[in-house]
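Colleague: I would like to go through this model with you, one feature at a time, before I plan around it. Could you take my questions in turn and show the reasoning behind each reply?

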Amino acid sequence: MKKKNKNLAKSTRWYRKTHRIVAISLLLFIVIMSSTGLLLAWKDQLGFKPATTKINESTKPLISLSEIEQNAIQYIDSLKLSTEINRIDYRPRKGIAKVRFEEHFTELQINCYTGKIVSKKTRTADFIEMIHDGSIVDYLLNLKANPIKLFYSTVIGLGLLFISFSGFLLWLKPKQIKKNKRLISENALN
């Protein structure tokens, strides 16, 4: 039983030391992920994502998606910004199409009945999300395969799993040692 306690104490010391090293190494990144995660959870309430404009012209026919794309490209080109579209969020029931771009955080909202630009806003939530997942570095360095994001997310994910696991063991092992000591003293009395 005493040998078992020695082994438990030894492994506890190892986990404590490793837990501390991993936690201190990841501290800045954990703070970044936690704070940006909070901001993303509250993005609608904090206004980091443009609200969808409501269009009430449902009696007219919808214009084509290619016309929406052309209008978006023409408008964004007049602003001297990159015209490469990331995605078009087409919402025919709401009469709106949201156009997002690849190389900047601009969102255009286009009336699906008239083709007019009804809103031009910056998508702050997209920028915060890129900080959150580490892809901001890939974006700034123009890396297409997202190697920094994958490395960052893997290291943080594995680090947090290890900290969780080792933290649990640091809580559990002293209880086991205490229990073993109690059993040893009870056996010595008998």
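Colleague: Is F168 buried, partly exposed or exposed?

Modeller: Please keep in mind that this is a predicted model. The relative accessible area of F168 is 44%, and the class in between runs from 20% to 50%. F168 therefore counts as partly exposed.

Colleague: F168 and W171 form a ring pair; what kind of pair is it?

Modeller: Both residues lie in helix α6, three residues apart, which is about one turn of the helix. Their ring centres are 5.7 Å apart and their planes meet at 35°. Planes under 30 degrees apart would count as stacked and those over 60 as edge-to-face, so the pair of F168 and W171 is tilted.

Colleague: The structure holds eight aromatic pairs; how far apart in sequence are the parts that the pair of F29 and Y152 ties together?

Modeller: The rings of F29 and Y152 have their centres 5.7 Å apart and their planes at 80°, so this pair is edge-to-face. F29 is partly exposed at 32% relative accessibility, whereas Y152 is buried at 12%. Because F29 belongs to helix α1 (residues 2-41) and Y152 to helix α6, the parts tied together are separated in sequence by 123 residues.

Colleague: Which strands are the edge strands of the open sheet?

Modeller: The sheet has four strands in the order β1-β2-β3-β4, with antiparallel pairing. An edge strand here pairs on one side only, and this applies to β1 (85-91) and β4 (117-122).

Colleague: Which residue in β3 is the bridge partner of R100?

Modeller: Strand β2 (residues 96-101) and strand β3 (residues 106-111) run antiparallel and are joined by five bridges. R100 lies in strand β2, and its bridge partner in β3 is E107.

Colleague: Which residues are linked with R100 in a network of salt bridges?

Modeller: R100 forms a salt bridge with D126, where the closest N and O atoms are 2.9 Å apart; since D126 lies in helix α4 (residues 124-133) and R100 in strand β2, this pair ties together parts that are 26 residues apart in sequence. Both partners are buried, D126 at 13% relative accessible area and R100 at 16%. The residues linked with R100 in the network are E107, R123 and D126.

Colleague: How far apart are the closest N and O atoms in the salt bridge of K149 with D133?

Modeller: K149 in helix α6 and D133 in helix α4 are 16 residues apart, and their pair links distant parts of the chain. K149 is partly exposed, with a relative accessible area of 27%, while D133 is buried at 14%. The closest N and O atoms of this salt bridge are separated by 3.6 Å.

Colleague: What is the phi of K80, and where does that residue lie?

Modeller: Most residues other than glycine have a negative phi. K80 is found in the loop between α3 (65-78) and β1, and its relative accessibility of 74% means that it counts as exposed. Its phi has a positive value, near 65°.

Colleague: Which residues make the nonpolar surface patch of about 410 Å²?

Modeller: One of them is L46, which is found in helix α2 (residues 43-46) and counts as partly exposed at 47% relative accessibility. The residues that make the patch are L38, L39, W42 and L46.

Methods
Residues are numbered from 1 along each chain as its sequence is written. This is a predicted model: local features need pLDDT of at least 70, side-chain atom pairs count only at pLDDT 80 or more; totals for chains, interfaces and linings use all residues. Side-chain values use heavy atoms; hydrogens and water are left out. Patches are made of residues with over 30% relative accessible area and no salt bridge: like charges are joined within 9 Å, nonpolar side chains (Val, Leu, Ile, Met, Phe, Trp, Tyr) within 5 Å. Accessible areas come from the Shrake-Rupley method with a 1.4 Å probe; for residues, only the protein chains shown count as cover. A salt bridge is a side-chain nitrogen of Lys or Arg within 4 Å of a carboxyl oxygen of Asp or Glu. Helices (H or I, at least four residues) and strands (E, at least two) are DSSP runs, numbered from the N terminus. Buried means under 20% relative accessible area, exposed over 50%, partly exposed in between (1.4 Å probe, protein chains only). Two strands pair if DSSP finds at least two bridges between them. Rings of Phe, Tyr and Trp (its six-membered ring) pair if their centres lie within 6.5 Å; planes under 30 degrees apart count as stacked, over 60 as edge-to-face and the rest as tilted.
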